[in-house]
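Colleague: Please take me closely through a single part of this model, and explain the terms as you go. I would like one connected answer rather than a list.

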Amino acid sequence: MENYTKGETVDVISEEGPFTKLDLDMTNCIKMKISAGGSIRNYMGFAQREFAKAERRLITFSGSGEAVNKVISCVEIMKRKHKDPLHQINKIFFKMKEDIWEPKEEDLDRLKVTRHIPAISVLLSKDPIDVNEPGYQSPGSFEEEWGRGTAKANANRKDNVRKKRTKLQQSGGSGRRERQKQKGPGQRDQSHKKHKQGQQDKSQSTKQTGPAQDKNYPKKEKSDG
C-alpha cells in the first residue's frame, strides 16, 4: 500500500437497528454511543441524570471495537446505581466500516476496503419486556450466575491444591523409601552406629572439659574462719 494514502472512513449504517423489531416505544429512549476514548464518568453522569426522570423508561448503550468493554462497564454501573431492578437485552453483531484509499499515481484506481468490527448494544428497561427475546437477561441474574461461578471456581481451586499436596506427599515418601532400599540393611546399620557413636563422643568431651570459664571473671577467694 505504499502507493496509496488513507482517506476517510465511512460507517455503513444498517437500516434496521438491533432493537427495531421489539414492540417497544423508543421515542423517549436515551441512546448512549460509547467510544474507546470517552470517559466513563462523563457518560454515566449524563445517563444517570436523564434516566432518573420518570418519563425516561429505556436506555441503550452501544459501542464497537475497543469500546465494547467500556459499554459493559457502563451497563453494570447503571444496574448497580439505579434504585429499581432493570430488565436487559444484549445484542452482539458486526459493524461495517469502509476505508477509502486514495492513489498517489494517476494510473491507479481508488480503493475501498470494508472492515467488519465486533459491536454490542445493550438495552435497559424499567418496565418488563419479552422474556423470550434472544439476549434477554432478567434483573439480578448476573449476580446469581456470578455467585455460582465464583463458588465453583473456589471449589475447583481447593480440589487442585489438595491433589497437589497429596501428590507431593506420596512422591516424598516413596523417594525416602527408595533411598533406604538402595542403601541396603548393612549400610543402614552402619550409618545408625556412626550417628550413635558421634553422640557418645560429644557427651564424653563435654563431661571432661566441663563448662567454659571466663578468664576475666574474678575468682572467689576463700574467707578465713
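Modeller: What follows looks at helix α2, then at the residues around it and the pocket.

This is a predicted model, in which local features need pLDDT of at least 70 and side-chain atom pairs count only at pLDDT 80 or more, while totals for chains, interfaces and linings use all residues. Residues are numbered from 1 along each chain as its sequence is written, and side-chain values use heavy atoms, with hydrogens and water left out.

To place the helix, begin with the whole chain. The protein chain has three helices and six strands; these are DSSP runs numbered from the N terminus, where a helix is H or I with at least four residues and a strand is E with at least two. Read from the N terminus, the order is β-β-α-β-α-β-β-β-α. Of the 225 residues, 24% are buried; buried means under 20% relative accessible area, exposed over 50%, and partly exposed in between, with a 1.4 Å probe and protein chains only. Among contacts with a separation of 6 or more, 77% join residues 24 or more positions apart, a contact being heavy atoms within 4.5 Å.

Now the helix itself. α2 has 14 residues and spans 20 Å from its first C-alpha to its last, close to the expected 20 Å at 1.5 Å a residue; the expected span is 1.5 Å times one less than the number of residues. Its buried residues are Val68, Lys70, Val71, Cys74, Val75, Glu76, Met78 and Lys79.

Cys74 is a useful one to examine. Cys74 sits in α2 and counts as buried because its relative accessible area is 0%. Setting aside neighbours within four places in sequence, Cys74 is in contact with Ile34, Ile40, Tyr43, Met44 and Phe61. One of these, Tyr43, is 31 residues from Cys74 in sequence, yet their C-alpha atoms are 7.8 Å apart.

After the helix comes a loop. His82 lies in the loop between α2 (68-81) and β4. His82 is classed as buried because its relative accessible area is 15%. Beyond four places in sequence, His82 is in contact with Phe51 and Lys126.

Another residue of α2, Val68, leads to a strand. Val68 is among the residues touched by Pro118, together with Ser64, Gly65, Phe93 and Phe94, when residues up to four places away in sequence are not counted. Pro118 is in strand β5 and is partly exposed because its relative accessibility is 42%. Its C-alpha lies 8.9 Å from that of Gly63, 55 residues away along the chain.

Phe93, one of the residues touched by Pro118, also takes us to the largest pocket. Gly17, Pro18, Ser62, Phe93 and Ser121 lie nearest the centre of that pocket, whose lining has 25 residues. A pocket is an open set of points, on a 1 Å grid over the protein atoms alone, where a 1.4 Å probe fits and protein lies on both sides within 12 Å along at least five of seven lines; lining residues have an atom within 4 Å of a point. At least two lining residues come from each of β1 (4-12), β2 (30-33), β3 (58-64), β4 (87-103) and β5 (111-125). The space in the pocket is about 810 Å³, a volume being what is filled by probe spheres set on the points, which are joined across faces, edges and corners.
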